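Reader: I have the model open and I'd like to see how its helices sit against one another. Take me through the packing, please.

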Amino acid sequence: MDILRGYGIASEADDFESADDAAIETPPLVGSEERRMQVRAYNYWASLLGERSLPSIEDLTPQDLEDFGPNSVLLDFSTGLENPAIVYLGSALREECEIDGTIRYINDVPSRSLLSRLTDHYLQIIANAAPIGFEASFVNQRGAEILYRGILMPFSSDDETIDFVFGVINWKEAVSQAITAEIDREVEAALLASPAAPTVAPIWADGPAAEDFGTLDLSGMESPDEDAPLADWLALARDSAEQARTSEARSHAALYRAIGLSYDFALVTIARPEEYAELLDNSGLKVQARAPMTAVVKLVFGSSYDKTRITEYATALDHARANGIGLGAFGDYLANYDGGLKALVRDERAQRRTDGPAKPDRQQTARAAMKAAAAIDPFSVATDGDGLAVVIARREKDGSLVLVGALPEGSELSQRAIVAAAS
């Protein structure tokens, strides 16, 4: 993905959520179905790019999108950034926000409605020129706690200016604390009464179970269903990456979990190459043979993410793959590695230098080239305004000197050589 094809994260410094939302854990009731809706919306946006830098607003017809059109809103920023016009509002969003009549501008949105939460996010998409995913919770106008997940995607009328933003939002109403407490008590009682679960052996990507990789035993870990599409694995990793961005200053745990889920996604791509190829194609990415994990990291964290970190995370995934770390195990592996991610990357790079071929001696290589070079015509050597040039001569077997090279006319190195020769 290039900068317009990133998802959810444009850089570490971006603050996509309000201060209150930044500390909210992933809403537990906004699950795989909601993730799939955001992924489908993103893939739709990417399909409209073509050769353009931004999708054309003329290609967008939200009223015809049966899948997520009812959950969508289209904002027109040509009227101004602070109070964009609402040119389309899906029926499901309209009903949730209890909007009966005509609504023309974002400032007309009822306070504490789900639609009002867009103001926390839409300015960031103008600044970063990339789709932005977000999720949080709030208490709505009916006093209910709403857990929501959304994605905002840029559109343009001239392929240069972001003057439209298309948003797709899904939500669920949280269970009351009293009901949750009662469920927790019942679950705890059931667990105490049930026999211990058998230990699940890890699946190794290139071990004896590699041929059965398509039927993974996922019990006991937070993962999509076994038959879930690869896009769901990617969505889970992206969600975790976004949480890592908001909590990275407080703890490494969220980052390690995001990298661990990125590795899980990388393993699943091995079993589903056709789905992976489709995701790469939709995102405009290609896998490099010398750095295959870089594409995985860019899919999860976004191509516009800090390039140094992309390289570090890809190096960590290479390490996990080379060491046969199993599905669901890399996050804990990172947490228990002496010195954490930085130390692992340092050790992996040191190991590569040790294992790699020795670098040739540049001086010896250059001298050998000059020894074998054909003689050049002295009249072809370029000189500066004073008629000076720095040349390389070779003594032949008969004792004569021939010119075999010359420094570029007026180069800094040639000027220093002239000064050195005169001193």
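**How the helices cross**

Reader: Which hand does the crossing have where H7 passes H9?

Author: Follow helix H7 (H or I in DSSP, at least four residues, numbered from the N terminus) as it passes H9. A crossing counts as left-handed if the near helix is turned anticlockwise from the far one by less than a right angle, and as right-handed if clockwise. H7 passes H9 in a crossing that is right-handed.

Reader: What sort of model is this?

Author: Residues are numbered from 1 along each chain as written, and side-chain values use heavy atoms, without hydrogens or water. Local features need pLDDT of at least 70, side-chain atom pairs 80 or more, while totals for chains, interfaces and linings use all residues, since the model is predicted.

Reader: How are H7 and H9 set relative to each other?

Author: H7 spans residues 253-271, and its axis (a line fitted to C-alpha atoms over the stretch in contact, with angles from 0 to 180 degrees between N-to-C directions) lies 10 Å from that of H9. The packing angle is about 125°. Under 35 degrees would be roughly parallel, over 145 roughly antiparallel and 65 to 115 roughly perpendicular, with the rest oblique. H7 and H9 are therefore oblique.

Reader: Which H9 residues make the contact with H7?

Author: On the H7 side, the contact (heavy atoms within 4.5 Å) uses Leu 255, Ala 258, Ile 259, Ser 262, Phe 265 and Ala 266. Its residues divide into 10 nonpolar (Ala, Val, Leu, Ile, Met, Phe, Trp, Tyr, Cys, Pro), 1 polar (the others, Gly among them) and no charged (Asp, Glu, Lys, Arg). The H9 side is Met 293, Val 296, Leu 299, Val 300 and Phe 301.

Reader: How many charged residues are in the contact of H9 with H10?

Author: The axes of H9 and H10 come within 8 Å and cross at roughly 125°, so the two are oblique to each other. Their crossing is right-handed. H9 brings Met 293, Thr 294, Val 296, Val 297, Lys 298 and Phe 301, and H10 brings Ile 310, Tyr 313, Ala 314, Leu 317, Asp 318 and Arg 321. That contact has 8 nonpolar residues, 1 polar and, for charged, 3.

Reader: And H8 against H9: which hand is that crossing?

Author: H8 (residues 273-283) packs on H9 at about 65°, with the axes 11 Å apart. The crossing of H8 and H9 is left-handed.

Reader: Which H9 residues does H8 touch?

Author: H8 offers Tyr 276, Leu 279, Leu 280 and Ser 283. The contact of H8 with H9 holds 6 nonpolar residues, 1 polar and no charged. On the H9 side sit Ala 295, Val 296 and Leu 299.
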